[in-house]
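Subject: Structure handover

Hi,

Here is the structure for you to look through. My notes follow below it.

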Amino acid sequence: MEITSVTFRKNNAVYILRTNDVPATAGSRVIAETEHGVDIGTVLRTVTKDSVEDKEIKGKLLRAATDEDIAKAAELDEIEKKAFIACRDKHKEKKLEMKLVNVKSLFDRSKIIFYFVAENRIDFRELVRDLAAVFRTRIEMRQIGVRDEARMLGGFGSCGRHLCCGHMSGEFAPVSIKMAKEQNLNLNSLKISGICGRLLCCLSYECETYAELNVGLPEPGADITISGKSFHVQAVDTLRQSIRLNHMGHIIEVKKEDLTCENNRYSIAPEVIERILHQDDHEHDHDDEGL
């Protein structure tokens, strides 16, 4: 099956659509139909897949966009700007506790959708009647979450790249604080949160790999007893597959291959510790000779 990924006006989300034998190359404009109606979009790429789950497919391409279609899209932009101002003024006038995020008119102008965020339930029936009287079309008020708001408006993350959510298709993947812990990240909320205030989408990208690499490694803060001596796990370097131990102020680094774990109790062969301590002492002696 040939499928095409498309982005639409006023929404950075990526939609996976059936190509439907419509000529579609990267960057070309197409008219497509989704669950939200008919609209003009921009093709990201077209690929052929042997099998695609039905839930991934969000609609189909109808035809290539013409010059008239592109001109019509520019006209819709003007309508949406006026609708945004009108709705913003009216909801402030009515003192409705909501934040207007975006406005989109369907390509056939059969409906105008107003996207907003709000902490509580909003009674916007009177607002809808007023807007319908002004624009003479169907009005839909659609409440969205803060993650959808960030995806819709776009922007840049702390990494300097475009927001991850702007390249996603379908629903948001769940992200948890456990993912940050698995990757030994700083749990400061400001460092692991996006501009939407929620946990960073990218926390889920490498979590599975880190989970596999962390198997057989103790957690930071754990204590390991070796030959009656207590060693504190000061840090874990997942990528280097090593841990840093502290014993009475003496820091040593141990490779994962030197660790054994039975019944959730970690141990290290005494000779491994002796070898490392001897190596450190030998290096210190060389340093003293250099002085």
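**Confidence first**

This is a predicted model. The mean pLDDT of the protein chain is 85, and 91% of its residues reach 70 or more. One stretch needs care: over residues 283-288 the pLDDT is below 50. Beyond near neighbours in sequence, that stretch has zero contacts in the model.

**Overall form**

The protein chain holds six helices and 14 strands. Its radius of gyration is 28 Å, while the globule rule gives 19 Å for 291 residues. The first value is well over the second, so the chain is more spread out than a compact globule. Along the principal axes, the C-alpha atoms fill a box of roughly 85 × 50 × 45 Å.

Buried residues account for 36% of the 291 in the chain. The exposed surface comes to about 18,000 Å², and carbon and sulfur atoms supply 48% of that. Take the contacts between residues at least 6 apart in sequence: 56% of them join residues at least 24 apart.

On charge, the chain has 42 positive and 48 negative charges. Their mean positions are 12 Å apart.

**Helix α3 and what it packs on**

Helix α3 covers residues 146-153. Which of its residues are buried? They are Arg147, Glu149, Ala150, Arg151 and Met152. Note the charged names in that list: Arg147, Glu149 and Arg151 are among the buried residues. The buried residues of α3 pack against β2, β6 and β7. Just after the helix, Gly154 takes a positive phi of about 75 degrees.

Two of those partner strands have a residue worth a look.

- Val14 lies in strand β2. Val14 is buried, at a relative accessible area of 12%. Gly59 is 45 residues away from Val14 in sequence, and their C-alpha atoms are 12 Å apart.
- Lys111 sits in strand β7. Is this lysine buried or exposed? Lys111 has a relative accessible area of 11%, under the 20% cut-off, so Lys111 counts as buried. Setting aside neighbours within four places in sequence, Lys111 contacts Lys104, Ser105, Leu106, Thr137, Arg138 and Glu140.

**Loops with positive phi**

Two residues other than glycine have a positive phi.

- Asp21 has a phi near 65 degrees. Asp21 is in the loop between β2 (11-18) and β3 (29-34). With a relative accessible area of 76%, Asp21 is exposed.
- Arg109 has a phi of about 60 degrees, and Arg109 is not a glycine either. Its loop runs between β6 (99-105) and β7 (111-117). Arg109 is partly exposed, at 38% relative accessibility.

So β6 and β7, which the buried residues of α3 pack against, are also the strands on either side of the Arg109 loop.

**Strands β4 and β5**

Arg45 lies in strand β4 (residues 37-48). Arg45 has a relative accessible area of 55%, which is over the 50% cut-off, so Arg45 counts as exposed. Which residues does Arg45 contact, leaving aside its neighbours within four places in sequence? They are Ile3, Thr4 and Ser5. Lys256 is 211 residues from Arg45 along the chain. The C-alpha atoms of this pair are separated by 43 Å.

Ile57 lies in strand β5 (residues 57-64). Ile57 is buried, at 11% relative accessibility. Phe156 is 99 residues from Ile57 along the chain, with 28 Å between their C-alpha atoms.

**A loop between two helices**

Ser189 is in the loop between α4 (177-182) and α5 (207-214). At 47% relative accessibility, Ser189 is partly exposed. How far is Ser189 from Val38 in space? The C-alpha distance is 40 Å, and the two are 151 residues apart in sequence.

**To pick out in the viewer**

- The low-confidence stretch, residues 283-288.
- Helix α3 with its buried residues, including Arg147 and Glu149.
- Lys111, the buried lysine in question.
- Asp21 and its exposed place.

Best wishes

Methods:
Residues numbered from 1 in each chain as written. Predicted model: local features only at pLDDT ≥ 70, side-chain atom pairs only at ≥ 80, totals over all residues. Heavy atoms only, no water. pLDDT = per-residue confidence, 0-100. Contact = heavy atoms within 4.5 Å. Helix = DSSP H or I, 4+ residues; strand = E, 2+ residues; numbered from the N terminus. Rg over C-alpha atoms; globule rule 2.2 N^0.38 Å. Buried < 20%, exposed > 50% of the residue type's maximum accessible area, 1.4 Å probe, protein only. Areas by Shrake-Rupley, 256 points an atom, 1.4 Å probe, with all protein chains shown as cover. Lys, Arg positive; Asp, Glu negative; His and termini not counted. Charge placed at Lys NZ, Arg CZ, Asp CG, Glu CD.
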